[in-house]
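Hello,

Here is the structure we spoke about handing over. Please look through it first, then read the notes below it.

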Amino acid sequence: MLDSYQIITITHRNANAENIGRLMVAHDNLLEDIKLQFEWDELLYLPTCNRVLFLFYSSSPCSQQTIFHLISLIRPDLSIPEINAVVEAAHLYRGVEAINHFLQVAASVDSLVPGEREIVHQLRKAYEHCRALGHTGDHIRLLMRHATETAKLIFTQCDIVTGK
């Protein structure tokens with residue numbers, strides 16, 4: 001069950017703004033196409049100025065080839081070398097590693113400015129948007145609830161800005 005949680009992400013840590021922008025989904029119909037094409041059971045799409053994150057729940061394991069196909073679907077105008085540059089910058093997380101990464105994102109540990117709280121609002125907005133489109137279900141709902149609770153705990157009991 002936990003192995004079905006997967007994340008494809010590209011962030012400020014490993015890509016420039018241009019490559020991050022190449023994973024931005026222009027319209028909701030494309031999210032539906034992505035979910036159907038890859039046969040993902042659930043999908044949460046989080047775009048920010050410093051990251052693009054696709055959290056999905058699927059029993060089929062994702063691969064570098066899946067990432068290549070995802071980028072091709074989002075940006076059919078890109079050349080193969082441009083797509084490969086984005087693939088190289090993207091990270092793939094599965095199972096417990098995906099869950100841990102999602103918790104780090106929610107708690108702002110993996111932010112350009114660690115400790116900033118805007119990410120929690122961005123996550124909630126992204127979740128509500130994807131839920132309204134029918135892309136999320138119980139698996140992402142439970143992970144989202146756990147991530148929100150974990151972020152609140154970290155924000156109230158830790159000072160991650162100063163490392164205390």
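The notes below cover one helix, a group of aromatic rings and the cysteines.

Please keep in mind that this is a predicted model.

Helix 6

Helix 6 runs over residues 118–132, which makes 15 residues. At 1.5 Å a residue a helix of this length should span 21 Å, and the C-alpha atoms at its two ends are 21 Å apart, so the expected and the computed span agree.

Which residues of helix 6 are buried? They are Ile-119, Val-120, Leu-123, Ala-126, Tyr-127 and Cys-130. Looking down the axis of helix 6, these buried residues fall within an arc of 130°, so they line one face of the helix. The general background is that an α-helix has 3.6 residues a turn, so residues three or four places apart point the same way. Lys-125 and Ala-132, on the other side of helix 6, are exposed. Just after the helix comes Gly-134, which takes a positive phi of about 85°.

Aromatic rings

How many aromatic pairs does the structure hold? The number is 4. Two of them are described here.

One is the pair of Phe-38 and Trp-40, which is stacked, with 5.1 Å from centre to centre and 20° between the planes. Phe-38 and Trp-40 are both buried.

Another is the pair of Trp-40 and Phe-56, also stacked, with 3.7 Å from centre to centre and 10° between the planes. Trp-40 lies in the loop between helix 2 (28–37) and strand 2 (42–47), while Phe-56 lies in strand 3 (residues 51–57), so this pair ties together parts that are 16 residues apart in sequence. The relative accessible area is 5% for Trp-40 and 0% for Phe-56. Buried means under 20%, so Trp-40 and Phe-56 both count as buried.

Taken together, Phe-38, Trp-40 and Phe-56 form one aromatic cluster.

Cysteines

How many disulfides are there? With a disulfide taken as a pair of cysteine sulfur atoms within 2.5 Å, the count comes to 0. Cys-62 has a relative accessible area of 3% and is therefore buried. Cys-130, listed above among the buried residues of helix 6, has a relative accessibility of 1% and so counts as buried.

Regards

Conventions
Residues numbered from 1 in each chain as written. Predicted model: local features only at pLDDT ≥ 70, side-chain atom pairs only at ≥ 80, totals over all residues. Heavy atoms only, no water. Helix = DSSP H or I, 4+ residues; strand = E, 2+ residues; numbered from the N terminus. Expected span 1.5 Å × (residues − 1). Buried < 20%, exposed > 50% of the residue type's maximum accessible area, 1.4 Å probe, protein only. Arc of directions from axis to C-beta. Phe/Tyr/Trp six-rings, centres within 6.5 Å; stacked < 30°, edge-to-face > 60°.
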